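This report sets out the strands, helices and charged contacts of one protein model. The structure is shown first, and the description follows.

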Amino acid sequence: MDGNGRWAKSHGLPRFEGHRRGAEAVRRVVADAKELGIEALTLYSFSSENWSRPEQEIGELMGLLKRFIRSDLKDLHAKNVRLRVIGEGHPTDSEVQGLLDEAQALTQANTGVTLTVAFNYGARNEMARAAQSLARQVAAGEIRAEDITPERFGAVLDTAGLPPLDLMIRTSGEQRLSNFLLWQAAYAELVFLPVLWPDFDRSWLERALGEYGRRERRFGGVDAGGS
């Protein structure tokens, strides 16, 4: 979800207003995902690199996250949405972490759309933590180094239990992954859209899904024509 700050600047508004409008876009896309039959949706809300932003902006973002959970959790639960959080959580704000834990606990038995929020998340960090976990198992004699397969590695990533990643969408026209789901995106289709996140709506989601539907996914194999 990229472009909140640029959206605010283009409208002569403070950056926080861009983030607030971005939260409204989140509400829209979750509702649209349910109606379109999307099984799982993962949103990159706050990266491990975002801590380098100005302290005031970080405080505003944390306040927005708190308000979003408090105001939307009951509605998400009523709509059978299951909420998951990946990443390392909040290192200092116990209130934020408590709200994230509460949201996951309340919705864990829901069977509708799985909404995964990547918070204090970075893919390189995720893979390093997974490697450390497997290294500890090897050191303890629980597994052999030869037992470490891509499947076993994937099972200790933050996204364990989620369906395979099919489509990754980045807004704002930037064309890079920015340390998001690097392992999981190995065979995902990537769609880069020239829209700032606060303006993202169902028409843009359907545009991305349409592009995905036109792709031929071969997973390293060959297509029907043998190419």
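Which side chain meets that of E95 in a salt bridge? The partner is K66, with a distance of 3.2 Å from N to O. The model in which this pair is found is a predicted one.

## The E95–K66 pair and its helices

The salt bridge between E95 and K66 links distant parts of the chain, since E95 belongs to helix 4 and K66 to helix 3 (residues 55-78), with their positions 29 residues apart. E95 is partly exposed, at a relative accessible area of 37%. K66 has a relative accessibility of 14% and counts as buried, because the limit for that class is under 20%.

The two helices that carry this pair have axes that come within 10 Å and cross at roughly 15°. Helix 3 is therefore roughly parallel to helix 4, angles under 35 degrees being counted in that class. The crossing of helix 3 over helix 4 is left-handed. On the side of helix 3, the contact is made by M62, L65, K66, I69, R70, L73 and H77. Helix 4 contributes E95, V96, L99, L100, E102, A103, L106 and T107. Both members of the salt bridge, E95 and K66, thus appear among the residues that make this contact.

## Helix 2 against helix 3

Helix 3 also meets helix 2: the axes of these two helices come within 10 Å and cross at roughly 25°. Helix 2 and helix 3 are therefore roughly parallel to each other, and their crossing is right-handed. Helix 2 takes part through R15, F16, H19, R20, A23, V26, R27 and V30. The residues of helix 3 in this contact are E57, E60, L61, L64, R67, F68, S71, D72 and L76.

Helix 2 (residues 15-35) also holds a charged pair of its own, R21 and E17, which lie four residues apart, about one turn of the helix. Their side chains meet in a salt bridge of 2.9 Å, N to O. R21 is partly exposed, with a relative accessible area of 28%, whereas E17 is buried at 16%.

## The three-stranded sheet

Three strands form an open sheet in the order 1-3-2, and their pairing is parallel. Strand 1 (40-47) and strand 2 (82-86) stand at the edges with a single partner strand each, so one side of each has no neighbour in the sheet. From one strand to the next, the twist averages 20°.

Strand 1 pairs with strand 3 (residues 114-121) in the parallel sense over seven bridges. Within this pairing, L43 has V117 of strand 3 as its bridge partner. Helix 4 (residues 94-107) lies across strand 2 and strand 3, and runs at about 140° to strand 2.

## L41 in strand 1

Where does L41 lie, and is L41 buried or exposed? L41 is placed in strand 1 and is buried, with a relative accessible area of 15%. Apart from its neighbours within four places in sequence, L41 is in contact with V29, V30, A33, T114, L115 and T116. V29, one of these contacts, is twelve residues from L41 in sequence and 9.1 Å from L41 in space, C-alpha to C-alpha.

## Strands 4 and 5

A further parallel pairing joins strand 4 (residues 167-170) and strand 5 over four bridges. Here L167 stands opposite E189 of strand 5. The side chains alternate along strand 5 (residues 189-192): E189 and V191 point to one face and are buried, while L190 and F192 point to the other face and are not buried.

## Salt bridges and the charged network

How many salt bridges does the structure hold? There are 24. Side chains of opposite charge can pair when their charged atoms come close. One such contact is that of R214 and E211, whose side chains meet in a salt bridge of 3.1 Å, N to O.

R214 and E211 are separated by about one helical turn, because they are three residues apart in helix 7 (residues 202-214). R214 is exposed, with a relative accessible area of 61%, and E211 is partly exposed at 27%. Through shared partners, salt bridges join D166, E189, E211, R214, R215 and R217 into one network. E189, a member of this network, is also the residue of strand 5 that stands opposite L167.

Definitions and conventions. Residues numbered from 1 in each chain as written. Predicted model: local features only at pLDDT ≥ 70, side-chain atom pairs only at ≥ 80, totals over all residues. Heavy atoms only, no water. Buried < 20%, exposed > 50% of the residue type's maximum accessible area, 1.4 Å probe, protein only. Pairing = 2+ DSSP bridges. Axes fitted to C-alpha atoms, helices over the stretch in contact; angles between N-to-C directions. Contact = heavy atoms within 4.5 Å. Salt bridge = Lys/Arg side-chain N within 4 Å of Asp/Glu carboxyl O. Parallel < 35°, antiparallel > 145°, perpendicular 65-115°, else oblique. Left-handed = near helix turned anticlockwise from the far one by under 90°.
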